[in-house]
Amino acid sequence: LIPTYSRRLQEARILFMPTNGAGLGHVTRLLAIARRLKTESRIAECVFLTTSDALTILRQEGFVAYHLPSPDLLRGRIKSTGWNRYLRDLLGMIIANHELNASVFDGVYPYSGITNAIARRKNILKVWVKRGMLKEYVGERVRAGEKYFNLVIIPGELGHSNVFQDSEKCITVPSIVFLERSELLPRDEVVSALGLDSRKKTALIQLGAGNINDIETQAEIVIDTVSRFDNIQVVLASSVIAQRSLKGVRSVKIITDYPLSRYYLGFDFAITAAGYNTVAELTYFGVPSIFIPNLQTGADDQVRRATLAAASGTSLVVHPFSVTRLEECLAVMLDDKKNAEFRKCCLSCLTVNGAESVVAILTQALFGPK
């Protein structure tokens, strides 16, 4: 099913296009792939063009990165047609200047500026990394975008491996995770780095970037609930692209770092939103979790993802939200035996990092089978 590039290449240059605005999910998936590809000797260059504010993250990883502000941020200043024309022209310039052989897009739906720029370029391999677990009302529009791409790669979801795989272009891979287990900090180093008490259990609270919903109020409620339990300390995660500070939240340790997953071995459990990357990474690294789905996402179906994850035995879900349900879940997570069972189930559910699978697919498409 993997299409082969029109001519056999000796080396390739690839453009990655994540379209994040509110969070870092699309950026993280493509960065997970690009950082592995750059160790492949036949990949001459990986370049990024993004609408995300995460340029520093991309450049810290050693990639050339171009930025175009999201159309949502420019609303009232420029019409959609004008913004897409600018995107088309910018993309065309990048393709020409870097002599690119492939483009990899990750977003809910490709902007017309992207499709207009790549559609007429027959010598560019066009790939869409398409998260599959979307709310029902966006399904048909999303499927319609497949015609612009040679290949659609669907990152797997816990408990549901064949999301949206309804055309010959689609290939489902295991869940894509940014780091490998060997890259995580040992627990004692996390305790030291974050100034934690090694005698207490530690809960990570990560309720999203807060750019599309009010997480400060919810964080206060969650922290108040956790504080009723003895011998537990809280670390509150704040996104590096958060537009609102969490400093107003009651006195707890606040961490702002990327990738946050490098600290995961320091936590006994997590209380988090149910975004794709968060669920995949917590599961892959064996962190028992309580998921509180974000209901304000435009397309991502966090309720469904959290429900399926809980059904797989790796986690618990609080939906609809109530303090009583959260207390019940906390009591389970603080039970050492049950916590160990969740951890074991996490590690057995996700054993392969899908980022490696995508690298294999892209190299085969560009260079042919080994």
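Which residues touch the most other members of the largest nonpolar core?

## Nonpolar cores

In this predicted model, the largest nonpolar core holds 71 residues, and those touching the most other members are F16, I33, L37, F48, I176 and Y264. Among the contributors to this core, helix α12, spanning residues 354-367, gives the most, with 8 residues.

F16 can be followed in detail. Leaving aside residues up to four places away in sequence, F16 touches L30, I33, A34 and L37, and also C46, V47, F48, L49 and V104. A second core of 26 residues is separate from the largest one; I95, F105, I114 and V152 are included in this second core.

## The six-stranded sheet

The model also contains an open sheet of 6 strands with parallel pairing. Read across the sheet, the strand order is β10-β9-β8-β11-β12-β13. At the edges lie β10 (253-255) and β13 (315-317), each of which pairs on one side only. On average, neighbouring strands of this sheet are turned by 25° against each other, direction ignored.

Strands of a sheet pair through backbone hydrogen bonds, and the pairing can be parallel or antiparallel. Strands β11 (residues 269-272) and β12 (residues 289-291) run parallel and are joined by 3 bridges. In one of the pairings between residues, T272 has F291 of β12 as its bridge partner.

## A helix on the sheet

Helix α9, made of residues 302-311, packs on the sheet and touches β12 and β13. The direction of helix α9 makes about 135° with that of β13, the strand that forms one edge of the sheet.

Definitions and conventions:
Residues numbered from 1 in each chain as written. Predicted model: local features only at pLDDT ≥ 70, side-chain atom pairs only at ≥ 80, totals over all residues. Heavy atoms only, no water. Core = buried A, V, L, I, M, F, W, Y, C linked by side-chain atoms within 4.5 Å. Buried < 20%, exposed > 50% of the residue type's maximum accessible area, 1.4 Å probe, protein only. Helix = DSSP H or I, 4+ residues; strand = E, 2+ residues; numbered from the N terminus. Contact = heavy atoms within 4.5 Å. Pairing = 2+ DSSP bridges. Axes fitted to C-alpha atoms, helices over the stretch in contact; angles between N-to-C directions.
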